[in-house]
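I opened a fresh page for this model and set down here what I looked up, in the order in which I looked it up.

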Amino acid sequence: MNLFSVTEIKAILEKYNTHPSKTMGQNFLIDKTALHKVIEAADIRGNDTVVEIGPGMGTLTLELAKKAKKVIAIEKDRAMVEMLQETLKTHTTVKIIQGDGLRYECNLKKYKVVANIPYYITSPIIRKFLEAKYPPETMVLMVQKEVAQRITASPPHMSILAASVQFYAKAQIISYVSKGCFWPAPNVDSAIIKIVPHQDKPTIPTDDFFIVVKAGFSHPRKQLINNLSVSLKKNKKEVQAWLSKNNINPLQRAETLNVQDWINLTKSL
Ligand code: SAH
């Protein structure tokens with residue numbers, strides 16, 4: 001496993017007369033152990049197609065290319081694309097697409113997502129792939145540590161983000177990764193997360209699920225009975241009966257409910 005050193009990254013950037021862009025969230029991976037952990041978690045097989053968002057210098061891309069049948073790498077920064085084309089020119093199984101990962105129309109039916117993404121697109125990228133007609137088999141992402149913790153939380157630390165991701169998938173933290181594993185070092189620590197979409201599609205309408213969850217979390221510090229009755233315009237007696245039927249105490253807060261509780265509530269709405 002080889003990766004670019006800071007000196008090499010600097011030399012490549014200099015050759016192209018450019019600098020790491022803050023607005024593009026460019027923090028390149030420079031740590032072998034972290035790279036190894038991402039690749040290991042991704043569990044790439046010889047017949048896999050991998051979609052990578054934000055390949056940057058191509059550090060991850062090169063490792064993925066060694067294992068996968070095909071890698072589709074979507075990079076927004078034009079200068080970065082030029083550098084990548086040079087670095088990956090002998091790798092014919094890698095397809096580099098210049099564009100916004102959030103707008104990429106993935107028409108693959110079977111694929112895996114692996115990415116060290118810019119942190120500002122974490123939630124929308126996860127959402128995009130989980131809501132896709134054909135979600136990926138697995139998603140291994142480098143994300144901000146706190147976001148990883150929020151996504152994988154359990155009661156009593158649930159949030160809309162946790163409930164939304166866990167509605168579609170199983171999410172786990174693979175490892176924490178410190179700032180020093182990137183150049184330039186970001187301001188925050190990171191974590192590698194693995195998201196595995198549930199095999200079975202939800203049996204309730206997705207829209208209804210999110211209406212109930214959003215209503216429950218409308219004022220996270222307030223009790224469920226208040227949030228649900230105000231947001232769903234129902235009287236308190238009705239809400240009390242609805243909650244009790246699902247073994248939920250009306251005085252509980254939304255953060256104490258797990259995904260199954262929200263599904264039960266949606267089913268009996
Ligand atoms: N994966 C590389 C680079 C990480 S930096 C590594 O691990 O070293 C994040 C990369 O995402 C940068 O190359 C940046 O240009 C790219 N990027 C930023 N916004 C993007 C978007 N909306 N779509 C695709 N790529 C994006």
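**Entry 1: the ligand and its polar contacts**

How far is an oxygen atom of the ligand from a polar backbone atom of Gly-56? In this predicted model I read the separation between the ligand oxygen and the polar backbone atom of Gly-56 as 3.4 Å. I then looked up Leu-29, where a polar backbone atom is 2.9 Å from an oxygen atom of the ligand. For Glu-75 I noted a side-chain contact, with a polar atom of that side chain lying 2.6 Å from a ligand oxygen. Taken alone, the ligand exposes 570 Å², and I noted that the protein buries 100% of that area.

**Entry 2: the shell around the ligand**

I next looked up what surrounds the ligand, and found a shell of 23 residues, with Gln-26, Gly-54, Glu-75, Gly-101 and Asn-116 listed as the closest. By residue class, the shell divides into ten nonpolar, eight polar and five charged residues. Three strands each supply at least two residues of this shell, namely E1 (28–29), E2 (49–53) and E3 (70–75). As for the site itself, I recorded that the ligand sits in the largest pocket.

**Entry 3: the chain as a whole**

Stepping back from the ligand, I looked up the overall make-up of the protein chain, whose secondary structure comes to eleven helices and nine strands. The C-alpha trace spans about 70 × 35 × 30 Å along its principal axes. Of the 269 residues in the chain, 48% are buried.

**Entry 4: the loop between H1 and E1**

I looked up two residues in the loop that runs between helix H1 (6–15) and strand E1, and began with Ser-21, which has its place there. Is Ser-21 buried or exposed? Ser-21 counts as buried because its relative accessibility is 18%, and the cut-off for that class is under 20%. The side chain of Ser-21 reaches the backbone nitrogen of Met-24 at 3.0 Å.

Asn-17 is found in this loop between H1 and E1 as well, but its accessibility is 72%, so I entered Asn-17 as exposed. Its phi is near 55 degrees, a positive value in a residue other than glycine. I kept in mind that most residues other than glycine have a negative phi, and that most peptide bonds are trans.

**Entry 5: a second positive phi**

Which phi does Asp-43 have? I noted a positive value of about 50 degrees for Asp-43, although this residue is not a glycine. Asp-43 lies in the loop between helix H2 (32–42) and strand E2, and because its relative accessible area is 35%, I entered Asp-43 as partly exposed.

**Entry 6: the cis peptide bonds**

I then turned to the peptide bonds, and found a cis bond joining Pro-155 and Pro-156, with omega about 5 degrees. Pro-156 is found in the loop between helix H6 (145–151) and helix H7 (160–168), and Pro-155 lies in that loop between H6 and H7 too. With a relative accessibility of 36%, Pro-155 counts as partly exposed. I also looked up the C-alpha separation of Pro-155 and Thr-90, which are 65 residues apart in sequence and 49 Å apart in space.

The peptide bond from Trp-183 to Pro-184 is cis as well, and here I read an omega near -10 degrees. Where is Pro-184 found? I placed Pro-184 in the loop between strand E8 (182–183) and strand E9 (190–197).

**Entry 7: from H9 to H10**

My last look-ups were in the stretch that leads into helix H10 (236–245), where Lys-233 has its place in the loop that follows helix H9 (224–231). Lys-233 counts as exposed, because its relative accessibility is 75%. From C-alpha to C-alpha, Lys-233 and Met-1 are 58 Å apart in space, with their positions 232 residues apart in sequence.

Val-239 lies in helix H10, and I entered Val-239 as buried because its relative accessibility is 0%. Its C-alpha atom and that of Leu-224 are separated by 9.0 Å, for two residues 15 apart along the chain.

Methods. Residues are numbered from 1 along each chain as its sequence is written. This is a predicted model: local features need pLDDT of at least 70, side-chain atom pairs count only at pLDDT 80 or more; totals for chains, interfaces and linings use all residues. Side-chain values use heavy atoms; hydrogens and water are left out. A residue is near a molecule or strand if one of its heavy atoms lies within 4 Å of it. A polar contact is a pair of N or O atoms within 3.5 Å; within protein, one must be able to donate a hydrogen and the other to accept it, and residues adjacent in sequence count only if both atoms are side-chain atoms. Accessible areas come from the Shrake-Rupley method with a 1.4 Å probe; for residues, only the protein chains shown count as cover. On a 1 Å grid over the protein atoms alone, a cavity is a set of points where a 1.4 Å probe fits but cannot get out, and a pocket is an open set with protein on both sides within 12 Å along at least five of seven lines; lining residues have an atom within 4 Å of a point. A molecule sits in a cavity or pocket if more than half of its atoms lie within 2 Å of its grid points. Helices (H or I, at least four residues) and strands (E, at least two) are DSSP runs, numbered from the N terminus. Ala, Val, Leu, Ile, Met, Phe, Trp, Tyr, Cys and Pro count as nonpolar, Asp, Glu, Lys and Arg as charged, and the others, Gly among them, as polar. Buried means under 20% relative accessible area, exposed over 50%, partly exposed in between (1.4 Å probe, protein chains only).
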